[in-house]
Amino acid sequence: MATSLTATLNQQMQGFTQLPKQSQIGLIVGIAAAVALVVSLFIWLTRPEYSILYPDLGQREAGEVMQALEARGIPHKVDPITGALTVPAEQVHEARLQLATEGLPKSSGFGFELMQQEQGIGTSRLVETARYHRALEGELARSIATLSSVESARVHLAMPKESVFVRDRSQPSASVVLTLHPGRTLSEHRVAGIVHLVASSIPDMEPERVTVVDQRGNLLTPEDPAGSSMDLSIRNLEFRRQVEADYRQRIEDLLTPLVGKDGVRAQVSTEMDFSRIERTMENYDPETIALRSEQISEEKRRGGPQDMGIPGALTNQPPDGGELGAEGEGMLEGAPAGQLPVSSSRQATRNYEVDRTVSHVQEAPGAIRRLSVAVVVDFQERVNEDGETVSEPVPPEELDRIEGLVREAVGFNPARGDTVEVVSAPFVGLPEPEPKPEPALWEQPWFQDLARTGLLALVGLLLILLVVRPLMRNLAAQGGAGEAEGGAEGEGEEGMGEDQLSLTHEGGEEAMALPGKKPASYEANLERVRELIKDDPKLVAQVVKNWVAEDGA
């Protein structure tokens, strides 16, 4: 077998050498193109799948990461469409771990590490202050970026110079620009959290002086800190929804263990009072009296208006006792004889304190005026007398018991007009979701890998069967034909058969055999020679060459 293979290779090489120069060059180029096609197809089919190393990477950080990857010999490339840095999918986690050991990628922005940089001797105070403000802005931006809905943040601080004059002092302010993740939003209380985070980090900064906007330019902080009428209406509506959702959740949590998870539906409607009311009341209790102070004044005086006369000693002497008249006029009853009547006065002032109550009442908005509750309980499955499972409504006594539980759960108050309604009705079952279709066979990853390998093998096999094998056969056939012609030429030189025509020189040393059975005319021989020249020009050229050489000799 080895001999046969060697002979075949020799025939192919001989056939290749017998081809014209242009055919040889074309054959070599064709074989090289086929090999290049197979190699390119193999590389394309077996190349690794690249994945993004870090989704959000700045240009500066990307350059540092690329240098680190090149130093560690990790293949990487830049996506021409998105500009993201990608590495082979099976090396993503390994590359991240290796980069983490070098502290890459560095966090975006700058923080207080700016203060650790060496400063020149001639650094001014203005530069130091600006560096401190920049570091403070970077730290605030990093803190805000840690929120789940925030992709990145930038903070701008406006901090005026301090003044010793109170009237010249101005408060600092801040502006925050947020870049949110796609599809994410920030609720009002989260925006308020960011506002208070920034305000609490800067001395003497009020929350009202912090402005927050998103990447689309939408203002997230309210324009009027006190709240406009529309803002108040939205807040009141959200508060009402929260209250109703809380009541609904209470009912469902209470009844789920009794009727099943999907056996109860509840809705709660509330009428709420959001008006702000302030009252000042002053009440007096007349039945509760207390003596606070008392003042008594008494006065006694003897004599009367007749005790008047010329001032003197006799005048100031008391008169002698007189005699009681027949009718007792001018004398006090029971008074000693000879004395004048006495006048007396008594005054009393008493201050009482009445019970007084002063109350200042400020009612908070959000009081519930009226509560309406509606509960629907699904039919229950029971086994009838025939042993069949049927759906029946909930018995009235059980509905009454459920209604009592609902009343207690929501804090039923008949004084404010609350209503509770519990009914039993059959639920319409939701259609079962169709099962997720399994991916087709050609969408399976293992099938895609197998298809790539099969395609590579098929292309190689087709090249071998349709190009290489016929080419080798032709070369071997030409080589075999060349050997056969060489052998026939040797036999023709030894002698010509009777059934061959020949054109020979007079010396008879060189002969060119012409196929034929018997000699023919000169024109027929000449035509045969022309055909022979067309079929084998090399042989004819060699004969002519020998003729010329002999004639020259």
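**Entry 1: Thr86**

I began with the burial of Thr86, which counts as buried because its relative accessibility is 7%, under the 20% cut-off. I was reading a predicted model throughout, so I note every value here as computed from that prediction. Thr86 lies in strand S3, which runs over residues 85–88. I then looked up what Thr86 touches once its neighbours within four places in sequence are left aside, and found Tyr50, Ser51, Ile52 and Leu53 among its contacts, together with Pro75, His76 and Lys77.

**Entry 2: the chain as a whole**

Stepping back, I noted 11 helices and 15 strands in the chain. Of its 553 residues, buried ones make up 21%. I also looked at contact order: among contacts in the chain with a separation of 6 or more, 66% join residues 24 or more positions apart.

**Entry 3: H3 against H4**

How are helix H3 and helix H4 angled where they pack? For H3 (residues 59–72) and H4 (residues 92–101) I found an angle of about 105 degrees, with the axes 11 Å apart. That angle makes H3 roughly perpendicular to H4, because the range for that label is 65 to 115 degrees. On the H3 side I listed Val65, Ala68, Leu69 and Arg72, and these meet Ala95, Gln98, Leu99 and Thr101 of H4. Sorting the residues of this contact by character, I have 5 nonpolar, 2 polar and 1 charged.

**Entry 4: H5, its length and its cover**

I checked the geometry of helix H5 (residues 125–145) against expectation: at 1.5 Å a residue its 21 residues should span 30 Å, and the C-alpha atoms at its ends are 30 Å apart, so the two agree. Which residues of H5 are buried? I wrote down Ala135, Leu136, Glu137, Gly138, Leu140, Ala141 and Ile144. The cover over the buried residues of H5 includes strand S4 (150–158), strand S5 (173–180) and helix H6 (188–201).

**Entry 5: H5 against H6**

Since H6 is part of that cover, I looked at the pair more carefully. The axes of H5 and H6 come within 11 Å, and they cross at roughly 155 degrees. H5 and H6 are therefore roughly antiparallel to each other, as the cut-off for that label is over 145 degrees. Their crossing is right-handed. In the contact itself I found Leu140, Ser143 and Ile144 of H5 meeting Ile194, Leu197, Val198 and Ser201 of H6. The residues of this contact divide into 5 nonpolar and 2 polar, with no charged residue. Leu140 and Ile144 in this contact also stand in my list of buried residues of H5.

**Entry 6: Asp204**

I went next to the loop between H6 and strand S6 (210–214), where Asp204 is placed. Phi of Asp204 is near 65 degrees, which I noted as a positive value in a residue other than glycine. Is Asp204 buried or exposed? Asp204 counts as exposed because its relative accessibility is 65%, and the cut-off for that is over 50%.

**Entry 7: Val354**

My last look-up was Val354, found in strand S9, which covers residues 342–363. At 34% relative accessibility, Val354 counts as partly exposed. Not counting residues up to four places away in sequence, Val354 touches Tyr284, Asp285, Pro286 and Thr288. I also recorded a C-alpha separation of 6.5 Å between Val354 and Ala290, which are 64 residues apart along the chain.

Definitions and conventions:
Residues are numbered from 1 along each chain as its sequence is written. This is a predicted model: local features need pLDDT of at least 70, side-chain atom pairs count only at pLDDT 80 or more; totals for chains, interfaces and linings use all residues. Side-chain values use heavy atoms; hydrogens and water are left out. Helices (H or I, at least four residues) and strands (E, at least two) are DSSP runs, numbered from the N terminus. Buried means under 20% relative accessible area, exposed over 50%, partly exposed in between (1.4 Å probe, protein chains only). Contact means heavy atoms within 4.5 Å. The expected span of a helix is 1.5 Å times one less than its number of residues. Axes are lines fitted to C-alpha atoms, for helices over the stretch in contact, and angles run from 0 to 180 degrees between N-to-C directions. Angles under 35 degrees count as roughly parallel, over 145 as roughly antiparallel, 65 to 115 as roughly perpendicular and the rest as oblique. A crossing is left-handed if the near helix is turned anticlockwise from the far one by less than a right angle, and right-handed if clockwise. Ala, Val, Leu, Ile, Met, Phe, Trp, Tyr, Cys and Pro count as nonpolar, Asp, Glu, Lys and Arg as charged, and the others, Gly among them, as polar.
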